[in-house]
Amino acid sequence: VSAWFGSNKVLERVTLTMEPREVTALIGPSGCGKSTFLRILNRMHELIPSAALAGSVHLDDIDVYGSALRVTETRLRIGMVFQRPNPFPSMTIAQNVLSGLRLSGTKVANPDALVRECLERAGLWRETRNRLNESGAALSGGQLQRLCIARSLAVRPRVLLMDEPCSALDPISTSVIEGTIKELCEDVTIVIVTHNMQQA
């Protein structure tokens, strides 16, 4: 892929294979295009008015920019966790976990079990099991980021993109999220942007 913002070319013919059920870390100096590349992988780059793209992105031999997949289908298969946690403040913790399913119109047989499973996988169940009906905004920074991970997992993505998910977190929260990533990559392909060489 190559990518532009207006006439400014920010990525030049990047070709990369990310192995399934592995963590691929993207590292490099600020402004080199890491986050742009990550956003291209689930079609968020095209949301920017001046953005342009050439090339293709393949998941299971299907070009996610081709006509076979709608944008919403792509984003269900390729989830995203941002640098700053972005839960829905008016929703409870449980509602936040299920929000991606609701937005995509996906029905689930047992939502309570899914909430528990996703919070457990994100390493947040023990801290929230008695607070599921409280606002997601009441959580700490590290907890909010894990809530966003749980929300991403609820739609059963094949790939999870993470844009510096620990950059605003304390060392303990960072360690918890890194442990979560290690466990998740047993069945989810993870691509993470990080400035932390030790983390990479």
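## The nonpolar cores

In this predicted model, the largest nonpolar core has 33 residues. Val 97, Leu 119, Ile 149, Leu 160, Met 162 and Ile 190 are the ones with the most contacts inside it. Several elements feed this core: helix H3 (93-104), helix H4 (111-121), helix H6 (141-153), S8, H7 and S9 each put in at least two residues. There's another core apart from it, of 19 residues, and Val 1, Leu 38, Leu 161 and Val 193 are among them. As a general backdrop, nonpolar side chains in soluble globular proteins tend to be buried together.

Which residues does Met 162 contact, once its neighbours within four places in sequence are left aside? They are Leu 38, Val 81, Ile 149, Ile 181, Ile 190, Val 191, Ile 192 and Val 193. So that list takes in Ile 149 and Ile 190, two of the best-connected residues of the 33-residue core, along with Leu 38 and Val 193, which belong to the 19-residue core.

## Strand S9, wrapped on both sides

Strand S9 covers residues 189-193, and five of its five residues are buried, so the rest of the structure largely encloses it. Neither face is left open: Thr 189, Val 191 and Val 193 are buried on one side, and Ile 190 and Ile 192 are buried on the other.

S9 has parallel pairings with two strands described here. With strand S3 (residues 23-26), the parallel pairing runs over four bridges; Val 23 has Ile 190 as its bridge partner in S9, and Leu 26 sits opposite Val 193. With strand S8 (residues 159-163), five bridges do the joining, again in parallel, and here Leu 161 is partnered with Val 191. S8 and S9 also belong to a right-handed β-α-β unit, with helix H7 (residues 171-184) as its helix.

## S3, a two-faced strand

In a regular strand, side chains alternate between the two faces of the sheet. S3 shows that alternation with a split in burial: Thr 24 and Leu 26 point to one face and are buried, whereas Val 23 and Ala 25 point to the other face and are not. Put that beside S9, where both faces are covered, and you get a handy contrast between two paired strands.

## The three-stranded sheet

Elsewhere, three strands make an open antiparallel sheet in the order S2-S1-S4. Strand S2 (8-11) and strand S4 (51-54) sit at the edges with a single partner strand each, so one side of each has no neighbour in the sheet. From one strand to the next, the twist averages 25°.

Zooming in on one pairing, strand S1 (residues 2-5) is joined to S2 by three bridges, with the two running antiparallel. Trp 4 is found opposite Lys 9 of S2.

## Loop residues worth a look

Pro 87 is in the loop between strand S7 (78-81) and H3. Is that proline buried or exposed? Its relative accessible area is 16%, and with the cut-off for buried at under 20%, Pro 87 counts as buried. Not counting residues up to four places away in sequence, Pro 87 touches Asn 96, Leu 144, Leu 147, Cys 148 and Arg 151. Take Leu 144: it is 57 residues from Pro 87 in sequence, yet the C-alpha to C-alpha distance is 7.0 Å.

Most residues other than glycine have a negative phi. Two loop residues here have positive values instead. Arg 156, in the loop between H6 and S8, has a phi near 60° and is partly exposed, at 47% relative accessible area. Glu 164, in the loop between S8 and H7, has a phi near 45°, but this residue is buried, at 14% relative accessibility.

## The chain as a whole

The protein chain has seven helices and nine strands. Of its 200 residues, buried ones make up 43%. Among contacts with a separation of 6 or more, 69% come from residues 24 or more positions apart.

How does the overall size come out? The C-alpha trace spans about 50 × 40 × 30 Å along its principal axes. A compact globule of 200 residues would have a radius of gyration near 16 Å, and the chain's 17 Å agrees with that.

Conventions
Residues numbered from 1 in each chain as written. Predicted model: local features only at pLDDT ≥ 70, side-chain atom pairs only at ≥ 80, totals over all residues. Heavy atoms only, no water. Buried < 20%, exposed > 50% of the residue type's maximum accessible area, 1.4 Å probe, protein only. Pairing = 2+ DSSP bridges. Right-handed = clockwise from strand over helix to strand, strands pointing away. Axes fitted to C-alpha atoms, helices over the stretch in contact; angles between N-to-C directions. Core = buried A, V, L, I, M, F, W, Y, C linked by side-chain atoms within 4.5 Å. Contact = heavy atoms within 4.5 Å. Rg over C-alpha atoms; globule rule 2.2 N^0.38 Å.
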